[in-house]
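Here's a quick briefing to read with the model open beside you. Have a look at the fold first, then come back for the notes.

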Amino acid sequence: MGALLEVILPVFLVIGAGYIAVKRDLFSNEGADALMKFTQSFAIPCLLFRGIAELELGAYFEPRLLASYYLPAIAGFTLGTLGARLIFGRPWEDSIAIGFCCLFSNAVLLGLPITERAYGEGALSPNYAIIAVNAPICYGIGITAMEVVRNKGGGLWHTAKAVWRAITHNALIIGIALGFVVNITSLPLPGVLTDAIDLMIRAALPAAIFGLGGVLARYKLEGDTGPVIMVCALMLVVQPSLTWLVAGVTGVGTGAFRSVVLTSAMAPGVNAYVFANMYGVGKRVAASAVLISTALSVLTLWVWLALLP
């Protein structure tokens, strides 16, 4: 109960505050969008830049850590896509959008604050290593699969351009890339610049999770019960269980083990809906899955925190 009260509930209370504020017209939808734009385009890229710039690359960018997270994530995408197609009879395009919900966990807006509250700011280095390649890998898989289906296996150049554009126009990726440049070159940064970045960082996570609540307030629970239950089960139970198994086999350290399992146990992020909306398919499932799984994760994360060493 202590973990629930001290780690999880404060984060979800802020999400709930954003949700209620928008639902009761105390904060506009436009304001929530602007807040998310600020956090995802400016504040969180600063957070990721700082984290990657100071990350010990040799200690945390290792195959065991990345394999422990991304092999189960790819398995979740595959199971979600095939389940939507073979069990629920959805078209291939819908199925890929639903599968994407089982691939892209909310590693930033939920993973970072919950890991920080559970284990302290010093425990975030493995999270930064996972997040550094999260968008390129997940968008790369999702966009490639969708473009291949849409082009019936053709249009390789068009597919490659779509993947490249989605990755290189993402502010989070730009922040991560700049962090790598500073880290690898040991480029000294002026104190006034780092102070300004630190000011942005302080606003990043509180504003982001409040804005997430505001964005969730516009989603509606509509039909498609079967696929939504499948997404919730895969993201909140199956994927972290597979991650626990792979991380145990690969023998990652205790800190990395905690970070990778917790990150994999997060609900799908808003990016799941953004991806579905970008292609105009599976939007109802994506919206409902994000909303329901985020609410359910209050309880499932409590269980995972209790089980972790």
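What follows covers salt bridges, a helix pair, a covered helix and a surface patch.

Keep in mind that this is a predicted model. A search of the whole structure turns up 4 salt bridges, and R50, E54 and D198 are tied together in a network of them. Elsewhere, α4 is worth following: this helix packs against α12 and also supplies the largest share of a nonpolar surface patch.

**Salt bridges**

- R50 and E54 pair up through their side chains, with 2.7 Å from N to O.
- E54 counts as exposed because its relative accessibility is 53%, and exposed means over 50%.
- R50 also reaches D198, this time at 3.0 Å from N to O.
- That second pair joins distant parts of the chain: R50 sits in helix α2 (residues 29-53) and D198 in helix α11 (residues 191-216), 148 residues apart.
- D198 has a relative accessible area of 22%, so it falls in the partly exposed class.
- Away from that network, the side chains of D94 and R90 form a salt bridge at 3.0 Å, N to O, and both residues are buried.

**The α4/α12 pair**

- The axes of α4 (residues 63-87) and helix α12 (residues 225-250) come within 8 Å and cross at roughly 150°.
- The crossing of these two helices is right-handed.
- On the α4 side, the contact residues include A67, S68, A73, A75, G76, G80, G83 and A84, along with R64, P72 and L79.
- Facing them from α12 are M230, L234, Q239, L242, T243, V246, A247 and T250.

**A covered helix**

- Helix α7 (residues 125-132) is mostly covered, with 7 of its 8 residues buried.
- Those buried positions are P126, N127, Y128, A129, I130, I131 and A132.

**The nonpolar patch**

- L82, L86, I87, F88 and W92 make up a nonpolar patch on the surface, and together they have about 520 Å² of accessible area.
- Helix α4 gives the patch 3 residues, its largest share.
- W92 belongs to helix α5 (residues 92-101).
- Why can W92 be part of the patch while being only partly exposed? Patch members need over 30% relative accessible area, and W92 has 37%, so it clears that cut-off while still counting as partly exposed.

Notes:
Residues numbered from 1 in each chain as written. Predicted model: local features only at pLDDT ≥ 70, side-chain atom pairs only at ≥ 80, totals over all residues. Heavy atoms only, no water. Patch = residues over 30% accessible without salt bridge, like charges linked within 9 Å, V, L, I, M, F, W, Y side chains within 5 Å. Areas by Shrake-Rupley, 256 points an atom, 1.4 Å probe, with all protein chains shown as cover. Helix = DSSP H or I, 4+ residues; strand = E, 2+ residues; numbered from the N terminus. Buried < 20%, exposed > 50% of the residue type's maximum accessible area, 1.4 Å probe, protein only. Axes fitted to C-alpha atoms, helices over the stretch in contact; angles between N-to-C directions. Left-handed = near helix turned anticlockwise from the far one by under 90°. Contact = heavy atoms within 4.5 Å.
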